[in-house]
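The following note is offered to accompany your first reading of this structure. Please keep the sequence and the model in view as you work through the numbered points.

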Amino acid sequence: MLALGVVSLRFTRNNKDNRAAVHDLGLASANLVIEATARHLSAHQMIGILPERARELYQIPEHFEAWTAIAIGYAADPALLPEAMQERDRAPRQRKPWSQFVFTGQWGRPAPLAERPHPAPGAITA
Ligand SMILES: Cc1cc2nc3c(=O)[nH]c(=O)nc-3n(C[C@H](O)[C@H](O)[C@H](O)COP(=O)(O)O)c2cc1C
């Protein structure tokens with residue numbers, strides 16, 4: 001399934017700008033990905049879409065905007081992919097250290113908690 005993430009850029013009740021719209025789409029998407037994963041589905045989020053093409057195709061009204069897409073489905077055998085994509089799929093996932101983006105006091109000053117060792121992915125910590 002390919003789902004579009006559409007934001008409402010104005011509040012319905014007063015027509016004012018809704019600056020939380022993109023944040024809320026991110027939260028909704030995160031919950032969707034967690035639920036999909038719990039159901040043994042895979043979800044792949046994409047920003048590389050054509051919002052104006054989506055508007056034409058689905059008659060998305062003014063003040064609503066297609067922002068992202070999410071492909072949701074059962075993962076197929078990676079051996080079916082072209083070689084270059086297989087390589088990308090096998091590559092280890094890189095994560096930035098928290099100290100590069102968790103700051104305190106001023107931009108760029110790592111928060112002490114960000115300098116503690118990270119738990120391994122999937123580790124349960126007390
Ligand atoms: C908001 C958002 C937009 C993304 N846009 C794209 C995209 O346009 N194309 C793409 O190949 N991956 C995109 N990604 C990355 C993939 O969804 C995915 O997170 C990444 O390939 C790592 O996936 P994996 O480690 O679960 O395999 C986006 C991720 C997020 C969170």
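1. His63 is a suitable starting place in this predicted model. Its relative accessible area is 30%, and His63 is therefore classed as partly exposed, since that class covers values between the limits of 20% and 50%. His63 belongs to the loop between helix 2 and strand 3. Its phi angle is near 75°, a positive value in a residue other than glycine.

2. Gln59 should be read together with His63. Gln59 also has its place in the loop between helix 2 and strand 3. Its phi is positive, about 50°, although Gln59 is not a glycine. With a relative accessible area of 63%, Gln59 is exposed, because the class begins over 50%.

3. Which residue has its C-alpha atom 9.4 Å from that of His63, although the two are 46 residues apart along the chain? The residue is Asp17, which is found in the loop between strand 1 and helix 1. Asp17 is exposed, with a relative accessible area of 56%. The side chain of Asp17 makes a polar contact of 3.5 Å with the side chain of Arg10. When neighbours within four places in sequence are left aside, Asp17 is in contact with Leu9, Arg10 and Phe11.

4. Asn18 may be considered next. Its position is in the loop between strand 1 (2-8) and helix 1 (21-38). Is Asn18 buried or exposed? Its relative accessible area is 14%, so Asn18 is buried, the limit for that class being under 20%. A polar atom of the Asn18 side chain lies 3.0 Å from the backbone nitrogen of Ala20. Apart from neighbours within four places in sequence, the contacts of Asn18 are Ser8, Leu9, Arg10 and Phe11.

5. Val6 shows how residues distant in sequence can be brought together in space. Val6 lies in strand 1. The C-alpha atoms of Val6 and Trp67 are 5.6 Å apart, while the two residues are 61 residues apart along the chain. Beyond its neighbours within four places in sequence, Val6 is in contact with Leu25, Ile60, Phe64, Glu65 and Ala66. With a relative accessibility of 36%, Val6 counts as partly exposed.

6. Thr68 is placed in strand 3. Thr68 is buried, its relative accessible area being 16%. Not counting residues up to four places away in sequence, Thr68 touches Ala3, Leu4, Gly5, Leu25, Met46, Ile47 and Ile49. The student may wish to locate these contacts in the model before proceeding to the pockets.

7. The division of the chain should be noted before the pockets are described. The chain is divided into domain 1 (1-75) and domain 2 (82-126). The C-alpha centres of domain 1 and domain 2 are 25 Å apart.

8. How many residues line the largest pocket? The lining consists of 17 residues, and those nearest the centre of the pocket are Ser42, His44, Leu81, Asp89 and Arg93. The space within the largest pocket is about 630 Å³. Both domain 1 and domain 2 contribute to this lining, with at least three residues from each. At least two lining residues are supplied by each of strand 2 (42-46), strand 3 (64-73) and helix 3 (83-90). Sorted by class, the lining of the largest pocket comprises 10 nonpolar, three polar and four charged residues.

9. The second largest pocket contains about 150 Å³ of space. Its lining is made up of Leu2, Leu4, Ile49, Leu50, Arg53, Ala54, Leu57, Tyr58 and Ala69. Strand 1 and helix 2 (51-58) are the elements that give two or more residues to this lining. Which element provides the largest share of the lining of the second largest pocket? That element is helix 2, with four residues. By class, the lining of the second largest pocket has eight nonpolar residues, no polar residue and one charged residue.

10. Two points of overlap deserve attention when the model is reviewed. Leu4 and Ile49 are among the residues that Thr68 touches, and Leu4 and Ile49 are also among the residues lining the second largest pocket. Arg10 is in contact with Asp17, and Arg10 is likewise one of the contacts of Asn18.

How values were computed. Residues are numbered from 1 along each chain as its sequence is written. This is a predicted model: local features need pLDDT of at least 70, side-chain atom pairs count only at pLDDT 80 or more; totals for chains, interfaces and linings use all residues. Side-chain values use heavy atoms; hydrogens and water are left out. Buried means under 20% relative accessible area, exposed over 50%, partly exposed in between (1.4 Å probe, protein chains only). A polar contact is a pair of N or O atoms within 3.5 Å; within protein, one must be able to donate a hydrogen and the other to accept it, and residues adjacent in sequence count only if both atoms are side-chain atoms. Contact means heavy atoms within 4.5 Å. On a 1 Å grid over the protein atoms alone, a cavity is a set of points where a 1.4 Å probe fits but cannot get out, and a pocket is an open set with protein on both sides within 12 Å along at least five of seven lines; lining residues have an atom within 4 Å of a point. Grid points are joined across faces, edges and corners, and a volume is the space filled by probe spheres set on the points. Ala, Val, Leu, Ile, Met, Phe, Trp, Tyr, Cys and Pro count as nonpolar, Asp, Glu, Lys and Arg as charged, and the others, Gly among them, as polar. Domain bounds come from an automatic or database domain assignment.
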